[in-house]
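Reader: Please give a close account of the oppositely charged side chains in this model, and then place them in the wider fold. I should like each geometric criterion to be stated with its cut-offs.

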Amino acid sequence: MARDSIHSMMSHLPTLPALLEHARNPPPSRGFSPFQLVIVLVAGCAHAASMAWPFDFGFAQGQPIGWMQLLALFLIAAQIDSCRSWKRAAWLGGVFGTTMLCATFWWLFISMHFYGGLAAPLTVLAVVLLAAFLSLYYAAAGALFVRLAPARKFPRAVVFAALWLLAELARVEFFTGFPWGEGGYAHVDGWARPLAALVGVHGITFLAALAAAWLAMALRASRVRWVTAVAIVLACAVLSYLPVQSALPGGAASTPAAEPLQVTLLQGNIPQNEKFQSGTGVATALRWYGQQLRDVKTPLVVAPETAIPLLPMQLPEGYWQALQSRFATGQQAALVGMPVGSSQAGYANSVVGFKPGQPEPYRFDKHHLVPFGEFVPPGFRWFIDMMRIPLGDFNRGAVGQASFEWKGQRLAPNICYEDLFGEELGARFTDPAQAPTIFVNVSNIAWFGNTVAIDQHLQISRMRALEFSRPMIRATNTGATVIIDHAGKVTHSLERHTRGALVGEVEGRNGITPYAEWVARYGLWPLWGLGLGIAVLALLFRRR
């Protein structure tokens with residue numbers, strides 16, 4: 001009798017599609033049902049946390065969680081797929097995007113309020129408005145999905161993934177670009193690693209959206225019950241944790257460039273509220289970095305973004321000349337972040353290189369400038385005037401600037417969040433004979449405190465290493481100062497928010513990955529073509 005009761009209970013278990021149907025088709029109302037709103041908010045927060053876990057409990061802090069990103073996309077895809085109104089789908093996409101982006105780059109509050117002096121309510125409003133503006137791309141994706149999606153489940157998932165890809169590409173391209181928090185970065189470990197050297201982070205984003213959307217739409221079949229659904233979710237989680245090695249195509253295309261290079265990466269840990277103060281941070285920086293550059297023992301030393309926070313003409317008498325003469329002879333070279341320029345020629349956020357035998361210092365000027373910090377967007381001078389950020393309008397460097405050649409290596413600098421734009425780094429791979437063998441990132445994330453921003457930026461750098469099969473060395477003010485090998489693995493690291501020097505070995509690489517080859521030639525146009533092509537085909541078939 002007890003057995004019969006159990007069988008009776010099991011037979012009445014609600015199917016997962018039934019629950020999804022309840023969540024996706026709430027009673028008619030002018031807004032969201034509370035249940036649906038909770039699902040969208042949870043999905044947005046989960047997507048943000050998947051890039052780098054922000055807490056010191058539950059999972060390894062700072063690490064990406066691929067299955068969580070898939071779960072977040074599964075939830076939002078299920079909600080949008082249930083919509084019959086394009087307006088409702090647009091609202092769902094917009095709320096998800098706003099939540100996700102606020103939870104991703106909430107640390108902008110620190111730079112604008114604590115260091116910029118903007119009033120807290122205005123700072124919160126500014127962060128939310130930025131997130132809401134960028135979420136318009138996801139709103140458009142949701143609305144277009146309702147208009148274009150075919151009836152069959154897998155083609156519907158393909159259309160969803162294509163529109164999601166277009167939304168992410170829009171974040172890359174439009175209004176200077178700010179694709180921080182893209183879903184593909186959550187898969188820098190696990191199942192997607194072999195794909196990075198083929199399709200890059202945007203291609204991984206497309207494939208993740210396709211998998212999540214197809215699962216959400218396939219589970220509407222009435223015969224799928226809780227046990228099956230849980231098994232599928234667990235399988236995705238296991239795949240995310242598999243110790244997959246670096247991409248075979250990238251590994252096959254990549255070979256050692258020369259003997260491994262010994263490097264010293266400096267981390268000054270200058271407090272951001274003192275960094276540009278002449279009596280405190282400036283004096284400390286000049287003294288500490290000057291000593292480190294003078295006493296370094298390795299063939300290469302790298303100092304972070306604006307490590308020397310003054311123009312050459314503003315330095316104490318003899319400082320600039322001493323720096324040049326230190327590396328004019330011998331077997332050592334240096335890459336140092338500092339501002340350069342003049343009132344006549346304009347100023348630039350730069351990396352200056354010193355090595356024996358060169359008539360003039362090497363110079364790399366930052367190309368992808370930070371809005372409101374390094375240049376003033378038209379019509380926003382009033383916003384800059386409300387803050388006390390000690391930066392202004394910088395000149396923009398060219399894309400594809402020459403590398404710094406030293407000890408058989410071609411070192412390609414990038415500054416701050418420039419490594420977020422793989423297509424711009426890829427411009428240096430048009431000529432394989434001159435392609436970089438090592439990426440060098442110099443950053444100052446002290447603007448954002450000791451937050452998850454450090455971990456997020458680290459995962460971005462790791463993805464670039466995988467895409468191009470190139471090591472990345474990172475010298476930062478407060479972290480993460482690390483050495484990343486060509487397979488995206490952190491081999492050496494320095495404790496963040498400490499003052500010190502990281503000494504290690506990096507092996508430069510030659511060869512071109514498939515991703516580097518096509519992105520160097522065509523930029524992001526193949527991905528735009530993929531997304532737009534699928535959308536156009538969906539429109540044509542929809543009209544038949």
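**Charged pairs and their setting**

Author: Searching the whole structure yields 10 salt bridges, a salt bridge being a side-chain nitrogen of Lys or Arg within 4 Å of a carboxyl oxygen of Asp or Glu. The model is predicted, so local features need pLDDT of at least 70 and side-chain atom pairs count only at pLDDT 80 or more, whereas totals for chains, interfaces and linings use all residues. Residues are numbered from 1 along each chain as its sequence is written, and side-chain values use heavy atoms, with hydrogens and water left out.

One of these pairs joins Arg-171 to Glu-168, with 3.1 Å from N to O. The two residues are 3 places apart in helix α9, so about one helical turn separates them; helices are DSSP runs of H or I with at least four residues, strands are runs of E with at least two, and both are numbered from the N terminus. An α-helix has 3.6 residues a turn, so residues three or four places apart point the same way. Arg-171 counts as buried because its relative accessibility is 0%, and Glu-168 counts as buried at 1%. Here buried means under 20% relative accessible area, exposed over 50%, and partly exposed in between, with a 1.4 Å probe and protein chains only.

A further salt bridge links Arg-193 and Asp-189, whose closest N and O atoms are 3.7 Å apart. Arg-193 is buried, with a relative accessible area of 8%, while Asp-189 is partly exposed at 25%. Both residues belong to a salt-bridge network that also includes Arg-462. The side chains of Arg-294 and Asp-295 form another salt bridge, at 2.8 Å from N to O, and Asp-295 is partly exposed at 41%. Side chains of opposite charge can pair when their charged atoms come close.

Asp-295 also closes helix α13 (residues 281-295), which packs on a sheet described next. This open sheet has 6 strands in the order β6-β5-β4-β3-β2-β13, with mixed pairing; two strands pair if DSSP finds at least two bridges between them. Its edge strands, each pairing on one side only, are β6 (362-365) and β13 (500-506). On average, neighbouring strands of this sheet are turned by 30° against each other, direction ignored. Helix α13 touches β2 (261-267), β3 (300-303), β4 and β13, and its direction makes about 170° with that of β2. Contact means heavy atoms within 4.5 Å; axes are lines fitted to C-alpha atoms, for helices over the stretch in contact, and angles run from 0 to 180 degrees between N-to-C directions. Within the sheet, β4 (residues 333-342) and β5 (residues 346-354) run antiparallel and are joined by 9 bridges, with Val-340 partnered by Ala-348 of β5.

The 15 residues of α13 reach 21 Å from first to last C-alpha, close to the 21 Å expected, where the expected span is 1.5 Å times one less than the number of residues. Its buried residues include Trp-288, Tyr-289 and Leu-293, and the buried residues of α13 pack against α14 (319-326) as well as β2, β3, β4 and β13.

A second open sheet to consider has 6 strands in the order β7-β8-β9-β10-β11-β12, again with mixed pairing. Its edges are β7 (404-406) and β12 (490-493), and its twist averages 20° from one strand to the next. Strands β9 (residues 438-443) and β10 (residues 472-476) run parallel and share 5 bridges; Phe-439 is partnered by Met-472 of β10.

The largest nonpolar core has 128 residues, and Phe-105, Trp-107, Leu-300 and Leu-411 are among those with the most contacts inside it. A nonpolar core is a set of buried Ala, Val, Leu, Ile, Met, Phe, Trp, Tyr and Cys residues joined through side-chain atoms within 4.5 Å. Helix α9 (residues 153-173), which carries the Arg-171 and Glu-168 pair, gives the largest share of this core, 14 residues. Leaving aside neighbours within four places in sequence, Leu-411 contacts residues including Leu-261, Leu-300, Ile-438 and Ile-473. Another core, apart from the largest one, has 26 residues, among them Ala-285, Trp-320, Phe-327 and Ala-334.
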